[in-house]
Amino acid sequence: MPKDNSIKKVLVIGSGPIVIGQAAEFDYAGTQACRSLKEEGVEVCLVNSNPATIMTDKEIADQVYIEPLTVKSLQQIIIKEKPDSVLPTLGGQAGLNLGMELDESGFLKEHNVRLIGTTALTIKKAEDRQEFKDTMEKIGEPVAASLVVHDIESGVRFTNTIGYPVVLRPAYTLGGSGGGIAHNEEELREILENGLRLSRVHEVLVERCIAGWKEIEYEVMRDAKGNCITVCNMENIDPVGVHTGDSIVVAPSQTIGDKEYQMLRTSALNIISELGITGGCNVQYALNPDSFEYCVIEVNPRVSRSSALASKATGYPIAKVAAKIALGYTLDEIKNAITGKTYASFEPMLDYCVVKIPRLPFDKFITAKRTLTTQMKATGEVMSICHNFEGALMKAIRSMEQHVDSLLSYDFSDLTDQQLWEELEIVDDRRIYRIAEGLRRGFAPEQMHAITLIDLWFIDKIAILVEMEQQLREEELTVDLLREAKRLEFPDYIIANLNGKLSADDVKKMRYDNDIVAAYKMVDTCAAEFAAETPYYYSVYGGENEAVQTNDRKKVLVLGSGPIRIGQGIEFDYCSVHATWAFSKEGYETIIVNNNPETVSTDFDIADKLYFEPLTTEDVENIVRQEKPDGAVVQFGGQTAIKLTQDLMEMGVEILGTAAEDVDRAEDRELFDEVLEKTQIPRAAGGTVFTAEEAKEVANRLGYPVLVRPSYVLGGQGMQIAFNDEEVEKFMDIINQIAQDHPILVDKYLQGKEIEVDAVCDGTDILIPGIMEHIERTGIHSGDSISVYPAPTISQEIKAKIEDYTARLARELHVKGLINIQFIVMDNEVYVIEVNPRSSRTVPYISKVTGIPIVDLATKVIIGHSLKEMGYQPGLAPEADYVAIKMPVFSFEKLRGAEISLGPEMKSTGECLGIAPTFNEALYKAFAGAGVDLPKYKQMIMTVKDADKPEAVGVAKRFAALGYKIYATRSTAKYLQEHGVDALWVNKIGQESPNVMDLILAHKIDVVIDTPTEGHGDKSRDGFLIRRNSIETGVYCITAMDTANALAHALESEPEKVTPIDIATVKNM
Amino acid sequence: MKAFLILEDGTVFTGVSIGANREVISEVVFNTSMTGYLEVLTDPSYAGQAVTMTYPLIGNYGITDDAESDRSYVSAYIVRELSRIPSNFRCKGSIQDFLIEQDIPGIAGIDTRALTRILRDKGTMNGMITTTEYKDLSEVLPKIKAYQVGDVVTKVTCKEKKHLPGEGKRVALLDLGAKRNIAKSLNDRGCDVTIFPAHTTAQEILDFQPEGIMLSNGPGDPKDCGDIISEVKKLYESDLPIFAICLGHQLMALANGLDTHKLKYGHRGGNHPVKDLETGRVYISSQNHGYVVDTDTLDPKVATPAFVNVNDGTNEGLKYTGKNIFTVQFHPEACPGPQDSGYLFDRFINMMEGAE
C-alpha cells in the first residue's frame, strides 16, 4: 500500500520532561520519526515541553512548540497550525494519553484531524485494564487472574479469593508508578491507596502474582495491511517481579527453546493483530519456567523504552518504520536502511548477545529503598554487545560509571555464609554481585537458583566469570589464559590486579606481543547474511576485524556521555549529536563512541561510524588504535568524556578545542585561584582539603555556613551546605566513602542571586547568547532551580560585569568552544561560583530560546573558524522580547524513601520550558509543563524553618489572596497569625488527630511548603515524613521560599489563553 | 582437542573438536536461526551438509523432544560456542552428548561470522572438518573440491510406510526427507496420514486412494532425483489435490518442465519474508533451501507464482493452472521458525474438501 497522500501535515507529540519511566528513548524515537516523516515530504509540527531534546530542534521539524503537554495547549496548537493528523505513539505514555484525551473529547473530530499510528479504540483495548483483559480472553491469550478495582475494599475482597501475594498495577501510569507486590492485607491497602490516587482514572488492577516466572518481551511491528513481524525478543535475567526497566535484560532470549520462542512470538502477533496496531508494539510475558504455561503481562501499543533497546540491539529502526507505517506504507515497501537490500519485513537475526543494565539512582538517593519492584526506579541504562554473554555482561558493568567494573565491585566478603545466604533473598541492583560472592564460596548454584529464581544458565555464566577471576588470581598469566580472560572481557587492569605481580601496562604489552587485540564486528540486522552499509560496530576478542579502514577525510572522535543519570542527562547527548553534525558539515569523518541505547547519538545514521562500546580508557584506546583519529572532542559528552581527556592525550590523540591543561586550571582549586587572581574576579573564600580535620579548620576560618563538595563531578554530587563541625564531619565521611583522586573543596556559602551563562569563545572573542537568572537563591543546585531568560532582576551594570567576567575567564582559560559559568550576585557584586570549560545542562535550552546554535558554533570554532567570520557579533547577544523559563522536574514519587528537599546536590531528572511574551505567562506555562495543575482545593500547609518565617508571611498573604486556606504547624502558625495571616493551627505528626499527616492523606491539599530546618544534620523526622507523604499522595511539595513565591506568581497570573510560540521562528541575531 | 575447518578455497579455521572425532568432508552452509538448533540438527534436508549456526550461543536449553526426525543427518556441525550447562525444564541431555551419540563431528570456537561472510561473498562451498593438522593443504584440497552431496534423498527417506491415524482426510505423504512436523501438522488437523518412502511409485500411492498428496521437503539437488520426478509427474496427472514443500515443490516444477538453479548461498533461517501474491500479505517463513525454481520463463498455462521472496524476488511458491496443486519453497511446518504460514495446511485441507 503506498503512502496515504491525504496526510500532509502531522502534529507529533513528544513525551515531555525526563522522568523515571519516560526518558531519552522518546527523544530518540521522536527524532527518528520526525526525520522519517520529513523524508516523505510531510510537514511536521512538533510539540514537546522538554527543551533538552534533539526533536525540538528546528532542523527536525517544520514548526516546533516547546509548550506544556496539556490538552489545553495542544488544542491551541492544533487550532493555530491546522495539522490534518496527530501522531501520538512516539511520545511515550504522555503522548498516548494526550492523543486519547483529544480524541475522546471530540476535539479532533470537530477540527477534522485524525489520529495516525493508532486509534483511540486500540489505545483503550491495550491500556484500559478491563478492556485489555476482555480482548485477551476473546483471542484466547492467557492473562493472570485479575480484577480491576476502583476502591480498596473490592481489592481486598478479590485478593481473599485468589490469595496473596498479588501484583497491583495502576492504569495509565508511567514506569509502573504506584504499583507493587502486596504480600498481606496491610501492604495491599497501602499500595492500593497510593495506586488509585496516581491513576488518571482511579483504577488499579489486582492480579495473581506470577513473580518468579521468566519474563520475556517481544517487540513487534504491524502495518495497515495486517503484515506483522517480530523485531526482537528479550529475556529478563531478573524473573517477573522486577520492572523490566530495572532488570538486567539480554537479547535475544537465551534459556527458551524454539517451541517456547515461537509460541510467544505467535501470541504477540495475534495480540498486535487483534488490537489493530499500525506501528510498533511491545508485549511482555511471564513464562512458567517449568511448563509451557504463560501469561501476557502487558502490552504497550506504542514505541517504548524496550523498543529503543530493541532498535539498538538489532539495528532495526523501529520508530522510523513506525512513522512510515503511519503514513500508509507496508512493511514490504520500506527498505532496511542498514543493509540497503532487504526490507522492513525481514525479521532481524542477531549473531551476538546483547546485555542491558539499568542505571539506578541509589548513589544519589542514599536514603531511598534499594529494593527493585514492579515500580521502575532506573534513570537510564547501558547496553553492550559481545559474541558471548559473559563478555557482554562485563562490558555492560563497566559502562555504568558507578564505580563498578567487574563482579568484584561490590564487596560482600565480610558477610558470614549465613548472612550471605540471607542477603541472597534481597532483590536489588547488587544481586548478581552476591551470586558471584556465593559462587566464590562454593555455594551450590542450584540452591542460589532456588532462592533468586534466576535461571541456572545465567548463574553458570556468572560462575564462568568467577572461575576466571580465581584462575587469574592463582595461576601464572599464560598467553592462553590471557586470551580467554580477554574473550570474557576482563579489562587489563583487573587482570593485573588479580594477578598481583603484573601491571596493567604489562598485561597490555603481553596482549600486543601476542596479537590479542580487539576486533570489531558489525550490527547488521541479518547475522551477516547480507552485506551491511552502515558501520555500526562492537568489539570482541578472538575473530576477524570487520571495521573498514578509512583515511580519506579528517577524522574526529566524539565521545558520548554514557547512561542517563541525575546530573548528566539527555542534554549532553544533544550536544554530542549537534557537534557530530557540525563536524560532518565541515567535511570530517565522524566517529561516535557511546553505550546508551536510549539516545539519538547511538542511532545508526548520526555519525559516519558508531562504536557501541564502554567509555573506559581501555575500550576507547582500542578504538583509537583502529581508527587513528585526527582528534577527539571531549567537551560535549559531560563528565564521562572529560574524564578521558588525560588518557586520550597519552594515547597521542589531539584534544580538539580547549586544552586539557586549561580544563584543569578551571577544575583544580589552587590553579583556579590563580586564574581568578590574574583576571581579578572575586569568588567566595575557600580552601581545599582531604580530611575532615582539615575541612573543619577551613570552615571555622571562613565561618559557617560553608559549602562542601568534591571536585570533578557533575550535578553537584556529594555537595552539601554545612552549618557546623558535626555536619562537616558527616559530609566529609560520605564523600570519602568513594576514594577521591582530587581534593575536596570547602567554600564560604554566600546566599545571593544565582546567574548562569553559556558562551562560545574562539580564543579571541566570546559570544554569550543570553544570561539566565535562577529564581531560587544560591544553595540549590542550578539544575534544580527555576531558571529565567532573559535575567529579569539584575541591572544593566551587573549584566555588563557578567559579560566582562565571562570574556576575561574565557580568554584566560584559552577556551576554544563552550564555557559555562555560574555566578552569585550579592550586594551589587558579582562572584564566580564555578567555571566549566565545556558544554553544560543549559546549552540546549539557551540555544533554543535565543535561536543561536551554540554547539554548532562551538564546533566550528574548534575547527578553526572565528565567531566574526561566522557572522556573529561578539559579546552579549541582544535580549529576546519574550521570556523563557526552565522548570526542573523530579521523579521523587518513584523513589520510596528519597529525601526530596532541595540543596546543592542535584535531584531533578528532567526539565520543561515555559516560553511566552510575558514573565507571568511563561511561569504559568513552566509550572503547567511540570505537571503542577493548580488550584484544585485551595488548601495548603506551611511548615517553615525559623529563618524563613519572615518571608513566609509574604508568601502566605499571596496565597490567602488567591483564596487559599492555610494550615500551619505550631510555630509557623503562631508566627503567621502574629503577622496578620489567617493561618489555621494544625497538630504535628504524632499529636492527636486531625494532625498534619491526616490533612495530607485526606487528599484535599494543593501544596505543602516545607522548608527543612537549617542543615540536614538535624533534619527532623517530621519534616521528612511530611515531604515524603506529600510526594507519595501526589501533593506538590515546595522546599524553598523562592519557589513558593514563584508558584504564587504563576497562580496569580493564570492567563485566559496561552500563546503557543513556534520556536523554529525564533531568531535573535 | 584442536580441530580444523578447511574450506575448498584454502581458508582454515582453527577451533576445538566437538562431537564425534572423525574427519568429514561436506558442503558448508549457514543457518541464521537463533533458536531451534535441535530441529536444525535433525532436519533431514541438511544431509550432506555441515551446518554453521550464525547465532553464537548454542545448546543453552539442551536436548529436548523437539527432534524433527529420528536422528541427525547433518554431516557436521559448526558453532561459535556450546553452552557449558543446558538449562530448561524439558532438557534431557546436553548437545555435546547428543553429537557424540549421533556420531556427528563438529568444530566449536571459530569465528562463525567470519565464516558466514566468506560463504555469503563466495557462495556455498565444500569444506573438511578434521583434527589432523595438514601442513600441506594441496594434499586435501582436491578431495574437498571433489565432494558432491549426491543422492541423499535415498539416505534419509523412511524405509517403510508409516501410518498416523486420523478421522479426517486420507493423505499420502511422500517422504523425501520429511520433517516430523509436516505429518504432525496434518495429523493435528485431523488428517489420516500415511507416510511413503521416497521411491514409492506413483501407482502404489494412487492405489492407496488418498484424498490428497503431500510432497515433503528433502535434501540435495532436485535434479539428482530423476526417477522420483517422473513419478511426481504421474501424481500431477492424477487430479488429486497436491501440496508440496521445498524439495517437493522443486520436483513438481521439474516434473512440469520448469528449471531449478542453485542459489549462491541459499536461504536458511527463520526470518525470510514471503509475499502471498494472491492477497499481498507478507508472512515470515522458515527456510532451508539451496536451490530455487526458475520462473523467468514460466508459462502461465502451467503454473503461476503464488509466493515470492520479498528480499531477493526469488520464487517461493507456485499454483498449478487448472490443477488442485500448490507448492511452496518455504516451510509452513516451521520447527524451527515462525508458524505464520501454518494456514497453508488448512488451505490444503480445504482443497481436499473441494472448497478451493
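In this predicted model, A:Tyr537 stands opposite A:Tyr611 of β21(A). Two bridges join the strands concerned, β18 (residues 536–541) and β21 (residues 609–612) of chain A, and the two run parallel. Both belong to an open six-strand sheet in chain A. Chain B holds a closed barrel of seven strands. The contact between the chains draws 45 residues from chain A and 41 residues from chain B.

**The open sheet of chain A**

- The strand order is β17-β18-β21-β20-β19-β22 (chain A), and the pairing is mixed.
- At the edges sit β17 (518–522) and β22 (631–633) of chain A, each of which pairs on one side only.
- Neighbouring strands of this sheet are turned against each other by 30° on average, direction ignored.
- Helix α21 (residues 617–627) of chain A packs on the sheet. This helix touches β17, β18, β19 (555–559), β20 (589–594) and β21 of chain A. The direction of α21 makes about 160° with that of β20(A).

**Strand pairing in this sheet**

- Strands of a sheet can pair in a parallel or an antiparallel sense, through backbone hydrogen bonds.
- β17(A) and β18(A) run antiparallel and are joined by five bridges. A:Lys521 has A:Tyr538 as its bridge partner in β18(A).
- β20(A) and β21(A) pair in the parallel sense, over four bridges. Here A:Ile591 has A:Lys609 of β21(A) as its bridge partner.
- β19(A) and β20(A) also pair in the parallel sense, with five bridges. A:Val556 stands opposite A:Thr590 of β20(A).
- From β19(A) the chain crosses to β20(A) through helix α20 (residues 570–585) of chain A. This β-α-β crossover is right-handed.

**Burial of the sheet strands**

- β18(A) is mostly covered, with six of its six residues buried.
- Both faces of β18(A) are covered. On one side the buried residues are A:Tyr536, A:Tyr538 and A:Val540. On the other side they are A:Tyr537, A:Ser539 and A:Tyr541.
- β20(A) is mostly covered too: five of its six residues are buried.

**Helix α24 of chain A**

- Helix α24 (residues 660–667) of chain A has three named buried positions: A:Val663, A:Arg665 and A:Ala666.
- These residues lie on the same side of α24(A), because they cover an arc of only 155° around the axis.
- Their cover includes α22 (638–642), α23 (645–650), α25 (669–679) and β32 (829–836) of chain A.

**A:Leu420**

- A:Leu420 lies in helix α13 (residues 417–423) of chain A.
- Is A:Leu420 buried or exposed? A:Leu420 is buried, because 20 other C-beta atoms lie within 10 Å, and 20 or more is the cut-off for burial.
- Beyond its neighbours within four places in sequence, A:Leu420 is in contact with A:Phe412, A:Leu415, A:Arg434, A:Glu437 and A:Gly438.
- A:Leu420 and A:Ala579 are 159 residues apart in sequence. In space, C-alpha to C-alpha, the two are 48 Å apart.

**The closed barrel of chain B**

- The seven strands run β1-β2-β8-β6-β4-β3-β9 (chain B), with mixed pairing.
- Neighbouring strands of the barrel are turned by 35° against each other on average, direction ignored.
- Strands β6 (residues 76–78) and β8 (residues 105–108) of chain B run parallel and are joined by two bridges. B:Tyr77 stands opposite B:Gly106 of β8(B).
- α3(B) packs on this sheet. The helix touches β1 (2–7), β2 (12–19), β3 (24–31), β4 (49–53), β6 and β9 (125–130) of chain B. The direction of α3(B) makes about 125° with that of β4(B).

**The contact between chains A and B**

- How many residues does each chain give to the contact? Chain A gives 45 residues and chain B gives 41 residues.
- On the side of chain B that touches chain A, the elements giving two or more residues are α3 (112–122), β15 (260–276) and β16 (282–293) of chain B.
- α3(B) supplies the largest share of that side, five residues.
- By class, the side of chain B that touches chain A has 15 nonpolar, 14 polar and 12 charged residues.
- α3(B) thus has two roles in this briefing: the helix packs on the barrel sheet, and it gives five residues to the side of chain B that touches chain A.

Conventions:
Residues numbered from 1 in each chain as written. Chains lettered and ligands numbered in written order. Predicted model: local features only at pLDDT ≥ 70, side-chain atom pairs only at ≥ 80, totals over all residues. Pairing = 2+ DSSP bridges. Axes fitted to C-alpha atoms, helices over the stretch in contact; angles between N-to-C directions. Contact = placed C-beta atoms within 7 Å. Nonpolar A, V, L, I, M, F, W, Y, C, P; charged D, E, K, R; others polar. Buried ≥ 20, exposed ≤ 12 C-beta atoms within 10 Å, placed from the backbone. Right-handed = clockwise from strand over helix to strand, strands pointing away. Arc of directions from axis to C-beta.
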